[in-house]
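These are my notebook entries on a structure I went through helix by helix. I wrote down what I looked up and what I found.

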Amino acid sequence: MSEFRPGRWSPSVRIGASMLIVFVVLGVLGPLIAPEGVGAHAVNLDRMFAPRSWSHWLGTDKSGIDTLSQLLHGARSALLLSVIVVSISATIGVSIGMVAGYFRGAVDDVIMRIVDVLLAFPGLLLNIAIVAVVAKPGLPIFVVALCANGWVGYARIARGQVLSLRERDYVAAARAIGASHASVMFRHIAPNLLAPLLVQMTLGFGNVIAVEASLSFLGLGPQVDHTWGAMLDQGTTFLWKPGFRHYALAAGLSIAWVVLGANLLGDGLRDRLDPRQRGRV
Amino acid sequence: MLGVSVLVFGFLHMIPGDAVDHLAGGEATPEQREAIETCLGMKGSLRVQYVRFLGHVFDGTLGHQCPDPEQKPTVAARIAEVYPHTVALALAGLVVAVVFALPLGIAAALRRGSWFDTLAAVGALSGIAFPMMLLGPLLLLWFFVDLGWFPGPFETGAAALVLPAIAVGTHLMAMLARMTRSSMVEVLSEDYLRTARAKGLSERVVVWKHALRNAVLPVITVAGLQFGGVLSGAIIIEKVFARPGIGLLLLDGIAERNYPVVQGCVLVIAASYVLVNIVVDIAYGVVDPRIRRA
């Protein structure tokens with residue numbers, strides 16, 4: 001891929017990347033630049049549902065907490081959650097997929113059977129089921145729930161790539177000079193997986209945000225201070241309240257921003273890194 | 001299918017002990033606690049429990065509700081009562097998605113590079129990114145509160161199906177529109193279309209007869225396979241519209257810690273999903289002879 005010149009990135013990649021960069025910067029800085037706190041101490045029942053004003057750009061919510069501050073804290077939660085979930089899912093999925101594709105045989109059969117069962121299960125339902133059986137939902141169980149089927153996509157991609165890579169001459173050469181299985185897998189095969197994984201991780205990033213929002217909306221969220229999904233829940237509950245529509249809109253558009261950015265970047269990267277897939281969905 | 005049942009059983013039997021506490025209340029006697037444990041099917045080894053669970057699946061009750069196994073209807077009865085509403089919603093969502101996605105995608109493909117194509121692409125991307133739990137309430141607000149065109153929450157009639165169906169179907173519609181477009185673009189560049197044009201067929205026949213059938217087939221398949229996504233969406237939309245259905249029942253079950261109900265709902269949704277996938281696979285073979293021979 002020697003023709004890797006920045007000037008040749010498609011608008012899809014550039015717009016998507018810019019949108020995600022804005023999100024990441026706000027996610028990192030969010031709680032620091034937020035005008036007010038959002039914890040229990042910020043509850044102020046004297047100013048419930050305050051309209052937009054200079055002191056509260058986006059007004060306040062049912063507890064009198066500044067909306068803009070909630071959005072910024074929500075960005076931090078969303079960023080943290082997606083980074084954690086995507087890294088864990090990708091690590092687990094790639095390891096499992098590589099083992100399956102490299103060793104083939106019975107290991108492969110068992111792993112692919114598990115993958116098939118998980119794929120035969122509506123994703124969100126699985127997440128709901130896992131979160132629901134736990135008495136006290138919290139961040140850890142939430143991460144587990146999202147990773148439980150999150151790894152499957154990475155495993156399939158890694159396996160597919162390894163199946164073809166392991167037949168290459170350079171792998172045979174590495175084996176011939178006495179490299180161990182582990183060494184072949186990590187030094188010779190793993191680097192070649194990066195491009196397709198990058199695409200999958202970008203798309204997964206947006207997906208985690210969307211699923212988090214869905215679960216929080218259903219009241220099964222990670223219970224960290226403020227998430228966009230929980231804001232949507234509150235916002236839609238009070239949507240009928242005059243002058244309060246912007247609350248749900250702000251949270252919804254934030255979610256849409258990240259998902260859109262991730263999709264644009266992911267699709268663009270896929271077209272760029274794997275031209276055979278160009279134009280397909 | 002068996003794998004799915006093991007999965008459902010496995011997850012729902014990681015129920016922590018405090019489920020019993022929750023149902024029994026603070027000052028339950030040991031006997032009461034034991035009755036609840038029996039009712040929840042938590043007695044015996046894991047294997048015994050699983051066999052009992054399968055037994056409930058096959059005797060058609062899906063288990064009884066706790067803590068009063070005798071009084072209330074069985075889980076299956078409760079599900080059967082609301083399930084048709086969910087199926088109607090999912091099907092309506094599917095119809096909305098396909099009916100809007102196909103013309104959009106085809107039109108975009110035929111006018112590739114035009115302003116309409118760009119507009120459709122932007123619209124499709126927004127449709128994918130926009131969260132349906134906001135779209136639902138907004139539809140409700142505009143068409144029920146402001147305009148009063150459609151009935152609001154709690155209703156289940158045909159007119160009340162319109163808004164939830166749009167909310168459920170929009171995401172899939174956006175995906176399908178993109179697929180239709182790329183599939184159509186691909187087909188339009190095939191050799192057999194050049195042949196068709198070369199032998200003097202009118203552009204209309206070429207597009208509608210030769211291109212369309214080949215382009216639409218994979219889209220319909222994906223639509224079928226996305227049924228699971230539509231079902232997941234239905235859970236969210238049922239909450240938004242307070243519309244009776246299996247999703248709302250599931251959420252109620254979770255809130256009440258009524259595990260047999262949760263288990264039953266999850267199993268029924270998963271089973272529907274698997275069943276639809278199998279049907280789509282078979283149907284695809286019937287429609288496209290090339291698959292059958294392969």
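I began with the place where two helices of chain A meet, and found that A:Tyr170, A:Val171, A:Ala174 and A:Arg175 in α6(A) are in contact with A:Val184, A:His188 and A:Ile189 in α7(A). I note at once that this is a predicted model. By class, I listed the contact of α6(A) with α7(A) as 5 nonpolar, 1 polar and 1 charged residues.

I then looked up how these helices are placed, since two packed helices are described by the angle between their axes and the distance between the axes. Helix α6 of chain A covers residues 169–176 and helix α7 of chain A covers residues 181–189, and their axes come within 10 Å while crossing at roughly 140°. I therefore entered α6(A) as oblique to α7(A), because an angle counts as roughly antiparallel when it is over 145 degrees. The crossing in which α6(A) passes α7(A) is right-handed.

From A:Ile189 I went on to A:Leu269, and found that the two are 80 residues apart in sequence and 21 Å apart in space, taken from C-alpha to C-alpha. A:Leu269 lies in helix α10 of chain A, which covers residues 245–273. Is A:Leu269 buried or exposed? I counted A:Leu269 as buried because it has 24 C-beta neighbours inside 10 Å. Leaving aside neighbours within four places in sequence, I found A:Leu269 in contact with A:Val13, A:Leu198, A:Val199 and A:Thr202.

The next helix pair I looked up was α2 of chain A, residues 67–103, with α5 of chain A, residues 139–165, which pack at an angle of about 40° with their axes 6 Å apart. That angle makes α2(A) oblique to α5(A). Sorted by class, the contact of α2(A) with α5(A) has 21 nonpolar, 6 polar and 2 charged residues. I also noted that α2(A) passes α5(A) in a right-handed crossing.

In the loop between α2 and α3 (105–119) of chain A I came to A:Arg104. Phi of A:Arg104 is near 50°, a positive value in a residue other than glycine. I entered A:Arg104 as partly exposed because it has 14 C-beta neighbours inside 10 Å.

I then turned to chain B, which has 14 helices and 0 strands. Of the 294 residues of chain B, 42% count as buried. I also looked up contacts in chain B between residues at least 6 apart in sequence, and 72% of these join residues at least 24 apart.

Which residues touch the most other members of the largest nonpolar core? I found B:Leu176 and B:Cys265 in that role, in a core of 152 residues. The largest share of this core, 16 residues, comes from helix α5 of chain B, residues 75–110. Not counting residues up to four places away in sequence, B:Leu176 touches B:Ala97, B:Val98, B:Ala101, B:Gly105, B:Val219, B:Val222 and B:Ala223.

My last entry is on helix α12 of chain B, residues 246–256, which is largely enclosed by the rest of the structure because 8 of its 11 residues are buried. Among the buried residues of α12(B) I noted B:Ile246, B:Gly247, B:Leu248 and B:Ile254. Just after α12(B), I found that B:Arg257 takes a positive phi of about 55°.

Conventions:
Residues are numbered from 1 along each chain as its sequence is written. Chains are lettered from A and ligands numbered from 1 in the order in which they are written. This is a predicted model: local features need pLDDT of at least 70, side-chain atom pairs count only at pLDDT 80 or more; totals for chains, interfaces and linings use all residues. Axes are lines fitted to C-alpha atoms, for helices over the stretch in contact, and angles run from 0 to 180 degrees between N-to-C directions. Helices (H or I, at least four residues) and strands (E, at least two) are DSSP runs, numbered from the N terminus. Angles under 35 degrees count as roughly parallel, over 145 as roughly antiparallel, 65 to 115 as roughly perpendicular and the rest as oblique. A crossing is left-handed if the near helix is turned anticlockwise from the far one by less than a right angle, and right-handed if clockwise. Ala, Val, Leu, Ile, Met, Phe, Trp, Tyr, Cys and Pro count as nonpolar, Asp, Glu, Lys and Arg as charged, and the others, Gly among them, as polar. A nonpolar core is a set of buried Ala, Val, Leu, Ile, Met, Phe, Trp, Tyr and Cys residues joined through C-beta atoms within 7 Å. A residue is buried if 20 or more other C-beta atoms lie within 10 Å of its own, exposed if 12 or fewer, and partly exposed in between; C-beta atoms are placed from the backbone. Two residues are in contact if their C-beta atoms, placed from the backbone, lie within 7 Å.
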